[in-house]
Amino acid sequence: MDWIRILLSRCTALFGRRKRDTELDDELRAHLDMAIDENLRAGMSQAEARTAALRSFGGVTQTREAYRVQRGVKWPEQMAREFRFAARGLRKAPGFSLTAILTLALGIGAVTSIFSVVDAVLLKPFPFPDQDRLVVLREAVEDASGRTANPDNYRHVMRLKGTSTTLQDVAIFAQRGESVSPDGSHPQVVGTVITSSNVFSVLGVQPILGRGFVEADARQGASPVVVLSYAGWQALFGGDPRAVGSTMRVDGEPATVVGVLPAGMRFPQIRLAPSTRFQETALDALLFEPLTPSDRDLHADMGNFNYKSIARLKPGVTVSQASAELEALQNAYTLSAHLPLHFGIALVPLQKDVASGISGALWMLFAAVGTVLLIACVNLANLQLARAVNAQRETAVLAALGASRMQLVRSRLAESLLLALTGGAAGAALSIAGVRLLLALAPSGVPRLEEVHVSAPALVFAAGVSMVAAIAFGILPALRSLRVQPQAALHGNPARTGNSREGNRVRRIMVAGQVACTVVLLILTSLALRSFARLMNQNRGFDASHVTVAEADLFTPAYDQGGAKGNTIRMALADRISGALRQLPGVQSVAMTSVAPLTGETWVDTLQRPDHPVPEGQQPAINVRWIDPEYLPTMHTPLVAGRNFTPADRAHPYVALISERTAREGFPGEDPLGHTIANLLPDDKHPMTIVGVVADARINGLKDNAAMVYLPYWAFTPFTLSFLVRSSQPTDALIPEIRHAIWTSDPRLAIPTIKSMDAQVSDSAATDRFQAIVLTSFGMAALLLALLGVYGVLSYSVTLRRQEFGIRIALGSGKRALMKLVLRQAAYPVLLGTGVGLAVAALLLRWTRTVFYDSPGMDPVVIGGSLALLLGAAAAAAMIPARRAAAVDPMRALRIE
Amino acid sequence: MGEGKSDVLQGTLDLIVLKTLEALGPLHGYGIARRIEQVSGDVLSMNQGTIYPALLRLEQRGWITSQWGTSESNRRAKFYSLSRVGRRKIAEETENWERVAATMARFLAPSS
């Protein structure tokens, strides 16, 4: 048991070392003083007494040292010494140390920050109880072109809810942007959810104040109530608990606030259909209103596919079981009700559905990050191996001098640990900065972005992997060199014979691997950049410069009057605002349209030709926009055939313009001018006569060249008016003037959007820009790491072969030949890696076509450019050691021996 | 080490210190060192400093304890005293020592 006590007391001695030292000094001083006293009493002089006391004591310093050894624990002190020694060694090789630390930092930082984003957006579950039982329910339609998932018909969902045995409950809802005002000031447009009253029980959410919905709230004629999300409560009422019970205006109508939801509950952003992207989804839901089904909801089996549904599966039911049951129910109903379309079901887990829009891009980033981590680890391994070869002789000398194996391994371990810890710390710091950077760059549309934090498991993983790589490859060569007899190592002077052939090959393969990974990443990066450049520079069919967009929201009772009366009121308002805007200084033209450009699909319909009926489901899909005659000139969208709308059409507004694509798809081989289209007007069955064909324009979104039908606002004036103001004035100066002009016409209007069209274009491409920027930074990180790899390996081997080069020069070898020798050594692995990288990229390119916009796959410019960049950079990295080799002074090189 | 004086074996010193403390009770380092010099009659000579690592070792084993106090000449000094374990150990160590000494004596005795 003694040893335990000794160890304990020794360990406690590690702490408070200074105090113990002082105590010892006190004790020794007391000893000497007592000795001197005794000597004085014996009659010695002061000086003699002191000398005698010191003599009989022996060496004070030696005693102190022996005492300390007895007191201390051996290994921590030894370790500290080992670390000091390692730090000195690393400082002496700053190139190696910096390269290794930088590699670790880059690898850990990049991997952790990206993984943190992927984790929060894709992997972390929603805060709903048993959220894995929540599914998004859509109707699938099978037609000639395949199977598509569509939004829901109210009647269909209610039938499924009534008959299904796998679903516990289904909530059906629609999302809107509505103008709300808690106190009668200028209203603002916020996201709202109009939903069946069971939505909170389906999601498993309890209000923190007041109550949720009851079925009576949704009954016809019930007094209107709303429930606020926590964010809505904060934004509209400043978190005032008196909000519950108060009255606010929603689209101009009074409604009573009955409840507030908890802060953790944010309504999931799901899309109507996977293929569509509606502007409303960009707005976070702040307000919930009960859905009172209309007659159409209750009775229409066809059309009215306007709803989203979230269902909760019964416990123990799998998604595929529920799918099978609902599919059968839908099929049976299609047959029994003689529906013209064949309906099925599309169930997607809620989690997956929310992430689906961006998961492709994020997974690609994740793969890129993995590659960077791999390159980083290979780099570390390579650097460590090279260093070990360099240290082989030193190791042999130490072993010959009697250093134990443990000591040898320990010194390598200390160095590797020191590198790993420094690099790991730098990596952790970089990952915090990286997450901040990603959040700053990320488009606001990425869901759940506010939940992103540096993920601790990711940091541990990335740091763990790369630190283990650094340490393992630091120790392995040391262990191996132990098997070598010191004698042999001393004889085979590594500095003269160069590296062992075997070690050399391993390192070259590693460099080749790095280069291969880098080639793949570079090609992906340049594809992303090219695709982004194409997205921004392609012909859009409209001119965004010098145009300011302002959107006015008319969802208030004054304008929401049925039929012609409401239309006349809205039209008068549109004319009044347009007139006021034209009076602003510097304005060249003012146009009006139903929807601000680049906000996605809005009014989707099908093209129906009375002269050429096509069975339902096979008519081409079109987007309807309401415009005035100034729209085309203001947008600089050219007219291809026929004529624009003219003021003369106002009296008889049943005219239409179609885009070239609509003409191609709806009137193949025909001249569309003079043909009519049916069933486009909301309240009026009057057919519209085509008077002109307009060039295709990407006004839904830069990636979307949708088929368009433009109709004059005289036929129907929409509930949102988007004014486009082309002016020589900057947007900043225009914004207050435009606001003033709109609110002078009616102060109750909400203005959800007001910005320059250039900003609108740029915002709409935010996701692509984000992807391009992030991929580029990875490409650059990989390139940098690969260069460090090439440079590191070559410069080490040049250092080792310095004497060989000296001899070669002495024997008459020219500098040029020497440089060639070194460059050739670099060329093999680089070229091999490039070949492998190209092959891998060729396999990947098939897949990237679906990820990148308008990507041609094998793009010679991209591949040529990436290769040129890589090879150029590799040559530059190899040139430095090559020149150093050529500059070897033979006399000095030979004398070192 | 001076000539005519013998070096001290480690285990021996420990036993000497223990015996000293047993005989004299609590004592400071200087006192122990002087006592050893006096008893051994200057034959067993050592640097007085050597006593301190030995004292620490014994303390770490728990055989003695230490405490700051005041010396007869009114100086602050660290006093060492036997612990209960130490008292038990003296018997053991003495026996050990006697066995070794007896063995040595047999080797050293003039062969008869």
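In the predicted model, the contact between the two chains takes 22 residues from chain A and 20 residues from chain B. On the chain A side, helices α1 (2–12), α2 (17–41), α3 and α4 (60–71) each supply at least two of the residues that touch chain B. Sorted by class, the chain A side of the contact holds eight nonpolar, eight polar and six charged residues.

One of these helices, α3 of chain A, can be checked against its expected length. Helix α3 covers residues 46–57, which is 12 residues, and at 1.5 Å a residue it should span 16 Å. The end C-alpha atoms of the helix lie 17 Å apart, so the modelled length agrees with the expected one. Just after α3 of chain A comes Gly58(A), which takes a positive phi of about 90 degrees.

The partner, chain B, has 112 residues, of which 33% are buried. Its secondary structure consists of four helices and three strands. Along the sequence of chain B these elements follow the pattern α-β-α-α-β-β-α. When contacts in chain B between residues at least 6 apart in sequence are considered, 52% of them join residues at least 24 apart.

Attention now turns to the nonpolar cores. In soluble globular proteins, nonpolar side chains tend to be buried together. The largest nonpolar core in the model has 122 residues, and the members that touch the most others are Leu228(A), Ala656(A) and Val709(A). Strand β4 of chain A (residues 167–181) contributes six residues, the largest share of this core. At least three residues of the core come from each of two domains of chain A, domain 3 (131–314) and domain 5 (559–747).

The surroundings of Leu228(A) can be listed in full. Leaving out residues up to four places away in sequence, Leu228(A) touches Trp233(A), Leu236(A), Ala243(A), Val257(A), Val260(A), Leu261(A), Leu286(A) and Leu287(A). Apart from the core of Leu228(A) lies another core, of 100 residues, including Val117(A), Leu373(A), Ala470(A) and Val862(A).

The confidence of the prediction was also examined for chain A. The average pLDDT of chain A is 82, and 88% of the residues score at least 70. Over residues 494–499 of chain A, however, pLDDT stays under 50. For this stretch the model has 19 contacts beyond four places in sequence. Where pLDDT is low, the predicted coordinates should not be read in detail.

How values were computed
Residues are numbered from 1 along each chain as its sequence is written. Chains are lettered from A and ligands numbered from 1 in the order in which they are written. This is a predicted model: local features need pLDDT of at least 70, side-chain atom pairs count only at pLDDT 80 or more; totals for chains, interfaces and linings use all residues. The expected span of a helix is 1.5 Å times one less than its number of residues. A residue is buried if 20 or more other C-beta atoms lie within 10 Å of its own, exposed if 12 or fewer, and partly exposed in between; C-beta atoms are placed from the backbone. Two residues are in contact if their C-beta atoms, placed from the backbone, lie within 7 Å. A nonpolar core is a set of buried Ala, Val, Leu, Ile, Met, Phe, Trp, Tyr and Cys residues joined through C-beta atoms within 7 Å. Domain bounds come from an automatic or database domain assignment. Ala, Val, Leu, Ile, Met, Phe, Trp, Tyr, Cys and Pro count as nonpolar, Asp, Glu, Lys and Arg as charged, and the others, Gly among them, as polar. pLDDT is the predictor's confidence in each residue, from 0 to 100.
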